[in-house]
Structure formats: structure tokens, C-alpha cells
Amino acid sequence: MIQSYKCPGCSASLQYKEGTDVLHCPYCGRTVSIDEAARKAKEDTDREDEERRDTEASDPDGDGVQQFHCESCGGELVTDRFTAATICPFCGSPSIIKSRLSGNRKPQVLIPFGISKEEAKGIFRKWTKSGFLTPRAFSSVSTLDSIKGIYVPYWLFSFHSTASLVASATRVRTEIRGKYEYTYTDHFRLSRETENDYRRIPADASEEMPDDIMERLEPFDYTKLTSFELPYLSGFLAECSNFDPEALQPRVEERASKAIYGETMSTMNGYSSVTVTQSRIDHQKSAQEYAMFPLWLLQYRYRGKNWQLFLNGETGRKIGNLPVDKIKAAILFLLSSAAATGIAGLVWHMFI
Ligand SMILES: [Zn+2]
Ligand SMILES: [Zn+2]
């Protein structure tokens, strides 16, 4: 079932206002607090449950593609099985697919968007213009207007980790006595036990989002973490988790292993060489949370290739490569070779 939030003043669709805890109406400017909207939505849900309306969308082909109807205009919303929030292509109203975000599918925590669409457009504009060789269309108004605000599903893992390392180390010193140089090598056997708590290591649970890029969008500011409420999604796209947490855990354990290994190694300073001979690392999972984090995405098709620029929707950290305009690059090449020829000419003249 679709959830949307209506303006108490003019009945238009309310949207989450970035960096605040309210929904606002883009038409008449009225605001409603997240708490109030969430409470109202819960009342609606209870009533619907009572009425036992069987309007759950059908999935006749079983391929996860489901059709819903926009609550504002009745238009057909076609979604894949991971869509959790979308925007009606006909009237622009936000629609949240409640059934995919409730019960045991409800995220526990969320970081709300802190950066508004206008701010994100400004950052993308500056960024795409900073590349001297970036095709102009990349920073065009229409491209910037098409940026999408997406809540990406994450699983956050907390571990109590322990590492036990044994290493053989050497310390080499030289002494000069008379006309001889003496080299002394001392050998050590080092043994280190480290333990640490790692809180909320994130792993994105979206198949479509590239894992390496999602990791480079970190860190997320956990002081902004709040308990999940549906109204935060209003006006944005959102995906629900594509994976069971068990499938992601090995990836996160690897990150924790690297971290605790590095910490343990850093306690073995001051030697000429250190060779680890035994190592044992264990992780005990202390918590696991389903989360949603905000992302602004600019997608652009250039010369048959899809280019994507990513922006952390809370911290503004940006990741992605700018394409190179071949014509601009050719001009730059001609200019620089002309300059090089000029310099060569100058040098040539100095010598004759
Ligand atoms: Zn209004
Ligand atoms: Zn609509």
C-alpha cells in the first residue's frame, strides 16, 4: 500500500525538508513535524488493517515488478521489487510503499538528507565545471535538474574483535670501533593481544550501487542518525535491502580484520624488521541494524557510456569521474604542442 502525506492547508503532497525534522508543502509553505506525520500515518494503517482492504499490489509474473496507483492522480506506478519510495512520473507526488518498510522489513535507523536539491545542484555544477575537459552538457541545467535523491539501504554491524599476533622481529645496530664496523642483530619474539569494539561498520545493501564507491562516500556522520520514520522518505527515492545481512557480513568482517590487524601492528614499532608468524583474528557480532543513508546521484549518458557522480547527502563528500570531451582534449593537445613548438623554436634561436 502506498503512503503519502497531504498538506493540511491545500492537500498537495508534503515533502521532507532537508536538514530539518519537518515535512513542508512546496505550494503553500505549511509544515508538519515528522512525529505528527508518522502518528497520522500509523492511524491510517490501523484503520486500513481494520477494513482489511486487499489492495495490495499484484505481481502476476512473479518477477518482482509490481504496479501501484498514485494516491494523488491515480496514475500507474510500476516498481521493481526493491523500490521502497518513488515519485509519480505523472504528477510528481511522492509515494512510499509502506508494505516494504514495515513489520520485520522496517529499517531501524536513518540519516536524513542534510543537503537540499538546490545545494546538491550547486555542488555538482561547480564540480562539473572544474574539469576543464568535461563536456559542457554534463553541467547543463537539464542534467543538473535530473539529479536524484536516493535513500540507500545499509546494514550496520557492530563487532567485538580480538587479534592475537606472534611475530619475529630484529633490531640492527652498528658500531665503529677503530677501523672496524660491527653489526649487531638482536632477535625478538613478539606477542600481542588486542581487542576493540567497532560500532556500526556500514555495508550497502543495494545491488545496483557499486560497493567501492559506497565505501568511499564514508564516513557518514552518526551524530545525525535517528530512528527510522516513513515521512523522511517523502519526496525521495528509496530502495529496500537487496540482501540478507548474513550475505554482507563477510565483507564487513574483512574491514574489521584489516582495522584490528593494523592497530596491532602499530604496537610493534622501533624494530628493523617485523615478520608475523602467527595471527588469529575473531569477531563477535554485538549488533546489527538496518539503516538508510542519503545520496544524491547525477547520471549522464555520454558517448554510449553511463557516467555517475555521487554525493553523500549529509556530508557533501563527492565521488566519481568526470568524462573527457574529446574535442576539448584535441584542442588542448594542439595548444600545448603549439606552445611546445614555440619553446623549442625559442631555444633553437638562442643557440644560433
Ligand atoms: Zn499546502
Ligand atoms: Zn501521480
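Guide: Helices, of at least four residues, and strands, of at least two, are DSSP runs numbered from the N terminus. The model discussed here is predicted.

Visitor: How many helices and strands does the chain have?
Guide: The count covers a chain of 352 residues, of which 30% count as buried. In terms of the runs just defined, the chain has 6 helices and 16 strands.

Visitor: Where in the chain is confidence lowest?
Guide: The mean pLDDT of the chain is 87, and 88% of its residues reach 70 or more. Confidence is highest in strand E9 (residues 109–110), at 97. Where pLDDT is low, the predicted coordinates should not be read in detail. This caution concerns the element with the lowest confidence, at a mean of 57: helix H6 (residues 326–350).

Visitor: How many contacts does the stretch 343–352 have beyond near neighbours in sequence?
Guide: Over residues 343–352 the pLDDT is below 50. Beyond near neighbours in sequence, the number of contacts that this stretch has in the model is 0.

Visitor: Among contacts between residues at least 6 apart in sequence, what percentage join residues at least 24 apart?
Guide: One pair distant in sequence is Leu298 and Ser146, which are 152 residues apart in sequence and 7.2 Å apart in space, C-alpha to C-alpha. For the chain, among contacts between residues at least 6 apart, the share joining residues at least 24 apart is 68%.

Visitor: Which element gives the most residues to the largest nonpolar core?
Guide: This core has 66 residues, and Tyr151, Tyr154 and Phe293 touch the most other members. The elements that give two or more residues to the core include helix H1 (34–51), helix H2 (117–130), helix H5 (245–265), strand E10 (148–177) and strand E14 (273–302). With 11 residues, the element that gives the most is E10.

Visitor: Between which domains does this core lie?
Guide: The position of the core follows from where its residues originate, because both domains give residues to it. The core therefore lies between domain 1 (2–106) and domain 2 (150–321).

Visitor: Which residues does Phe293 contact, leaving aside its neighbours within four places in sequence?
Guide: Phe293 is among the core residues that touch the most other members, together with Tyr151 and Tyr154. Leaving aside neighbours within four places in sequence, its contacts are Ile111, Tyr151, Val152, Tyr154 and Phe220.

Visitor: Which strand runs parallel to E10?
Guide: E10 pairs with E14 in the antiparallel sense over 23 bridges, with Phe159 opposite Lys285. E10 and strand E11 (residues 180–204) likewise pair in the antiparallel sense over 23 bridges, with Leu156 opposite Pro202. A further pairing places Ile150 opposite Leu237. That pairing has 2 bridges and is parallel, and the partner is strand E13 (residues 237–239).

Visitor: Which residue in the turn between E10 and E11 has a positive phi?
Guide: E10 and E11 form a hairpin with 2 residues between them. The turn residue with a positive phi, of about 65 degrees, is Gly178.

Visitor: Is Leu298 buried or exposed?
Guide: Leu298 lies in strand E14. A residue counts as buried if 20 or more other C-beta atoms lie within 10 Å of its own. Because Leu298 has 24 C-beta neighbours inside 10 Å, it counts as buried.

Visitor: Which residue in E15 stands opposite Leu298?
Guide: E14 and E15 run antiparallel and are joined by 8 bridges. Not counting residues up to four places away in sequence, Leu298 touches Phe124, Thr143, Ile147, Gln308 and Leu309. The residue of E15 that stands opposite Leu298 is Leu309.

Visitor: Which residue in E16 stands opposite Leu309?
Guide: E15 and strand E16 (residues 318–320) pair in the antiparallel sense over 3 bridges. Their hairpin has 5 residues between the strands, where Gly316 takes a positive phi near 85 degrees. The residue of E16 opposite Leu309 is Gly320.

Visitor: Which strands stand at the edges of the open sheet E2-E3-E4?
Guide: This sheet has 3 strands, and the pairing is antiparallel. E2 is joined to strand E3 (residues 22–24) by 2 bridges, with Tyr16 opposite Leu23. Each edge strand has a single partner strand, so one side of each is left without a neighbour in the sheet; these are strand E2 (15–16) and strand E4 (31–33).

Methods:
Residues numbered from 1 in each chain as written. Chains lettered and ligands numbered in written order. Predicted model: local features only at pLDDT ≥ 70, side-chain atom pairs only at ≥ 80, totals over all residues. Core = buried A, V, L, I, M, F, W, Y, C linked by C-beta atoms within 7 Å. Buried ≥ 20, exposed ≤ 12 C-beta atoms within 10 Å, placed from the backbone. Domains from an automatic or database assignment. Contact = placed C-beta atoms within 7 Å. Pairing = 2+ DSSP bridges. pLDDT = per-residue confidence, 0-100.
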